[in-house]
Amino acid sequence: METGENGKQTKNKKIVCNVKNCSFHRGECDCTADTVAVGPTFANSSSDTVCATFKPKNQ
């Protein structure tokens, strides 16, 4: 996270995605989705999370 002018944290402006078969994937590692949803509500590690925004290409 970055810190804005008011000293508060701001959202990341860049999402790095390596899922090449997602319809939102562009270039090397860019995500073009307007919003990215990650879940579930509770997780103990990154392996417990999923991208709910994922949409397979050609669908």
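Thr-53 touches Phe-24, Ala-33, Thr-35, Val-36 and Ala-37, leaving aside residues up to four places away in sequence. That makes a handy way into this predicted model, a protein of 59 residues with 0 helices and 6 strands. Below is a quick tour, from the overall layout down to single side chains.

**Overall layout**
- Reading from the N terminus, the elements go β-β-β-β-β-β, so if you're hunting for a helix, the count is 0, going by DSSP runs of at least four residues.
- Just 12% of the 59 residues count as buried.
- The accessible surface adds up to about 5,200 Å², and carbon and sulfur atoms own 50% of that.
- Take the contacts with a separation of 6 or more: 25% of them are between residues 24 or more positions apart.

**How far to trust it**
- Average pLDDT for the protein is 84, and 80% of the residues score at least 70.
- Where is confidence lowest, and where is it highest? The low point is strand β1 (residues 2-3), with a mean of 52, while strand β6 (residues 50-51) takes the top spot at 94.

**Around Thr-53**
- Thr-53 sits in the segment after β6.
- Buried or exposed? Thr-53 counts as buried because its relative accessibility is 16%, which is under the 20% cut-off.
- Among its contacts is Val-36, a residue that turns up again in the surface patch described next.

**The nonpolar patch**
- Ile-15, Val-36 and Val-38 make up a nonpolar patch on the surface, and together they offer about 240 Å² of accessible area.
- Val-38 belongs to strand β5 (residues 38-39).
- Val-38 is classed as exposed because its relative accessible area is 59%, and the bar for that label is over 50%.

**The salt bridge**
- How many salt bridges does the structure hold? The count is 1.
- Its partners are Lys-14 and Asp-30, whose side chains meet at 2.2 Å, N to O.
- The pair ties together distant parts of the chain, 16 residues apart: Lys-14 is in the loop between β2 (9-10) and β3 (25-26), and Asp-30 is in strand β4 (residues 30-31).
- Asp-30 is partly exposed, at 29% relative accessible area.
- As a general point, side chains of opposite charge can pair when their charged atoms come close.

**The cysteines**
- Searching the whole structure for disulfides turns up 0.
- Why is Cys-17 not in a bond? The closest cysteine sulfur, in Cys-31, is 5.6 Å from the sulfur of Cys-17, so the two are too far apart for a bond; the limit for a disulfide is 2.5 Å.
- Seen from the other side, Cys-31 is in no disulfide either, with the sulfur of Cys-17 as its nearest cysteine sulfur at 5.6 Å.
- The two cysteines fall into separate burial classes: Cys-17 is buried, with a relative accessible area of 16%, whereas Cys-31 is partly exposed at 25%.

**A cis peptide bond**
- Cis or trans for the peptide bond from Gly-39 to Pro-40? This peptide bond is cis, with omega near 5°.
- For context, most peptide bonds are trans.
- Pro-40 is in the loop between β5 and β6, while Gly-39 falls within β5 itself, the strand that covers residues 38-39.

Conventions: Residues numbered from 1 in each chain as written. Heavy atoms only, no water. Patch = residues over 30% accessible without salt bridge, like charges linked within 9 Å, V, L, I, M, F, W, Y side chains within 5 Å. Areas by Shrake-Rupley, 256 points an atom, 1.4 Å probe, with all protein chains shown as cover. Salt bridge = Lys/Arg side-chain N within 4 Å of Asp/Glu carboxyl O. Helix = DSSP H or I, 4+ residues; strand = E, 2+ residues; numbered from the N terminus. Buried < 20%, exposed > 50% of the residue type's maximum accessible area, 1.4 Å probe, protein only. Contact = heavy atoms within 4.5 Å. pLDDT = per-residue confidence, 0-100.
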